[in-house]
Structures are given as C-alpha cells and as structure tokens.
Amino acid sequence: MLSAVRSCLLPIIRLYLLGIKVLLVQLLSGPFRLPVMPRQDGKVAIVTGGSRGIGYEAVRHMAKLGAHVVIGGRDEREGLLAVRRICEENKEAKAGVMLVPEGRTEDGFEQHIGVNYLGHFLLTWLLLDTLKDSGKCGYFSRVVSVSSSAHRVGKIGLNDLNSCRYYSPHAAYCQSKLAQLLFSSHLHQELQRRGFPLSSCAVDPGMVDTALYRHLGTPLSLVHSAVARLLFRTPAEGASTVLLAALSPALEGEGGGGYWATGHREMTTPPTFDPQLQLSLWETSVQLLGLQ
C-alpha cells in the first residue's frame, strides 16, 4: 500500500517542482526569437497536431516559406491502425497528450506512451525509406520529435510501458517524453553510422499556453488559467525552436541531432545517453508494434 502511494505521489512532486524551476528559468531567459529562415519551396513537411497550438504555428510559418505542409491530428483514443491508415492516405498523425485519465488507445496501449511515443515511432518507421530517399548531401531530411523537460524526471519501465502495475498520469507522461528522447537519439546515431542523408533531433518548446494542460485537476486548472496567460510562452514562441530544428541550415549534416531548447542545444539526463537503454527501448517498441 505504502509503495503504491509513493509511486503515485513522487512523480507528482517531481514534475511540479521541475515545472516551477523551468518556468523561472524561462522567465529569466526570455523567449527565443527565430531568425529569418530560407525559403522552403519544393519541400514537404508533415506536422502532427498541426491544427492548433504549437503545431498550427509551425504549419503557418512553414507554409509562408513555401513548403507543402501535411497536417495531422486525431482523437487521442484512436489507435495505431489509424496511424497506418493515415500514413497510407495522407501522411498525418496525432500530436500529443498530457496527464490524461487512465485509458487505452484502440490498440490497447496506455494513452501517453501510445500517442506521444509509439504513434510517432510507427509514423517515422513507416516513412523511413521515403525520408532516406528524400534527403541528399547538403539538404538532409529531418525527424523532429517534440519532447519536454519532463523527460528529466521520467523513468522507462521496459517491462511495463503500458503502466499496468499502477497508473500515475504524471509518471506516464514523463516516461513518454523520455522515450521520445531515447528514440530520437538512437535513430540519429544509427542514421549517421550508416551514412543516410537524414537526421533526428528532439526539441523542448518550453511551457506554452496551449490545450495540452486541459487535463489538470480543478484546483490546478484554475491556477494554470491565470498563470499561463501571464507567464507561459505563446504558441508562436513555443514553435520557434521547433522551426529552428526543422528548417535551419546550421543543423544540416553533422550540425543536426541533439536536444534543443530556447534555440540552443542542451545537455540531457544520463539515461538518455545509455546506448543499451536506447537499444532495449527500440527493440521493445518494434516488438509491441509488430514490426520487422
């Protein structure tokens, strides 16, 4: 009993303490201003969750630069069969969820790991050959995963990615964000090792005033509504680092990869550099998704 209570309370405490720290740093450093990006005529961008928030701002900016943008967004309970169908039809996918009540996607995956991580893993896997063929020297294709500072307090349960033993929305969210970062790092290293013109990086947009926080409990949601309008970044500000990672010429080739926040490459936690953990998560994900 005590173990279960501790397992539920510790992720809450860690996540909210981290949130306070991140918000203070964010206020002191100020927003990142995206420099002028080159035209993107003839290029195709697939943006998950592009109908609102950060995704919408990324879509809007890319379209202004001449890119052909495919927008993705689905109900958070839809499963990975929808990702396969959408990939075949129009190359779209879901954006992300945070602190949702316990539930499963149509495929039976816990919603945070299913939507935030496995859905994007599957989409990337299905498009990997196309992405490799689309890149060329000096103009790499790019996979940009939108992670979060929450990865810093996340733990990967390789034997229980679906949080079946106990459910904590806070732990599940942090796990999914750490999983994104491990996936991004492992993918980039493999691509570079094999010499493909394709890079992979992860981005932290910061604390942004979007609908992502809609599942906060009533007391916190009231506080959040007041604080977010005053102190959080706007969706356009949050999209700036995402756009930098996706479009900047400075991130071509060896300049790509890594973890980016507020326009700069940042260090991450020790687990994200663990090659065995990266590989184990990759292999577990392939197995869960029934991929070859």
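**Notebook: contacts, helix packing and salt bridges**

I began with the contacts in the protein that have a separation of 6 or more, and found that residues 24 or more positions apart account for 75% of them. I note here that this is a predicted model, and I read every entry below with that in mind.

**Overall make-up.** I looked up the secondary structure next, which comes to eight helices and six strands, and I wrote down the order of the elements from the N terminus on as α-β-α-β-α-α-β-α-β-α-α-β-β-α. Of the 292 residues, 51% count as buried. For the surface I noted that the protein exposes about 14300 Å², with carbon and sulfur atoms supplying 58% of that area.

**Helices α4 and α8.** I then turned to helix α4 (residues 111–134) and helix α8 (residues 275–289), whose axes come within 11 Å and cross at roughly 85 degrees. Because angles of 65 to 115 degrees count as roughly perpendicular, I entered α4 as roughly perpendicular to α8. Which residues make the contact between α4 and α8? On the α4 side I listed Tyr117, Leu118, Phe121, Leu122 and Trp125, and on the α8 side Leu281, Trp282, Ser285, Val286, Leu288 and Leu289. Sorting the residues of this contact by kind, I got 10 nonpolar, one polar and no charged.

**Salt bridges.** Side chains of opposite charge can pair when their charged atoms come close, so I went through the pairs next. The count for the protein comes to six salt bridges, and I followed up several of them.

In helix α2 (residues 53–64) I found Arg60 and Glu57 three residues apart, about one turn of the helix, with their side chains meeting in a salt bridge at 2.8 Å, N to O. Are the two partners buried or exposed? Arg60 is partly exposed, with a relative accessible area of 39%, whereas Glu57 counts as buried at 16%, because the cut-off for buried is under 20%.

In helix α5 (169–194) I looked at Arg193 and Glu190, which are likewise three residues apart, about one turn of the helix, and whose side chains meet in a salt bridge at 2.7 Å, N to O. Arg193 counts as exposed at 58% relative accessibility, while Glu190 is partly exposed, with a relative accessible area of 23%. I also recorded that Glu190, Arg193 and Arg194 are linked in a network of salt bridges.

The pair of Glu266 and Arg152 took me to the loops: the closest N and O atoms of this salt bridge are 3.7 Å apart. Glu266 lies in the loop between β6 (264–265) and α8, and Arg152 in the loop between β3 (141–146) and α5, so the pair ties together parts that are 114 residues apart in sequence. I noted both partners as partly exposed, Glu266 with a relative accessible area of 35% and Arg152 with one of 31%.

**Glu254.** Where is Glu254 found? I placed Glu254 in the loop between α7 (235–247) and β5 (259–261), and with a relative accessible area of 81% Glu254 is exposed. Its C-alpha atom is separated by 8.4 Å from that of Gln192, although the two residues are 62 residues apart along the chain.

Notes: Residues are numbered from 1 along each chain as its sequence is written. This is a predicted model: local features need pLDDT of at least 70, side-chain atom pairs count only at pLDDT 80 or more; totals for chains, interfaces and linings use all residues. Side-chain values use heavy atoms; hydrogens and water are left out. Axes are lines fitted to C-alpha atoms, for helices over the stretch in contact, and angles run from 0 to 180 degrees between N-to-C directions. Helices (H or I, at least four residues) and strands (E, at least two) are DSSP runs, numbered from the N terminus. Angles under 35 degrees count as roughly parallel, over 145 as roughly antiparallel, 65 to 115 as roughly perpendicular and the rest as oblique. Contact means heavy atoms within 4.5 Å. Ala, Val, Leu, Ile, Met, Phe, Trp, Tyr, Cys and Pro count as nonpolar, Asp, Glu, Lys and Arg as charged, and the others, Gly among them, as polar. Buried means under 20% relative accessible area, exposed over 50%, partly exposed in between (1.4 Å probe, protein chains only). Accessible areas come from the Shrake-Rupley method with a 1.4 Å probe; for residues, only the protein chains shown count as cover. A salt bridge is a side-chain nitrogen of Lys or Arg within 4 Å of a carboxyl oxygen of Asp or Glu.
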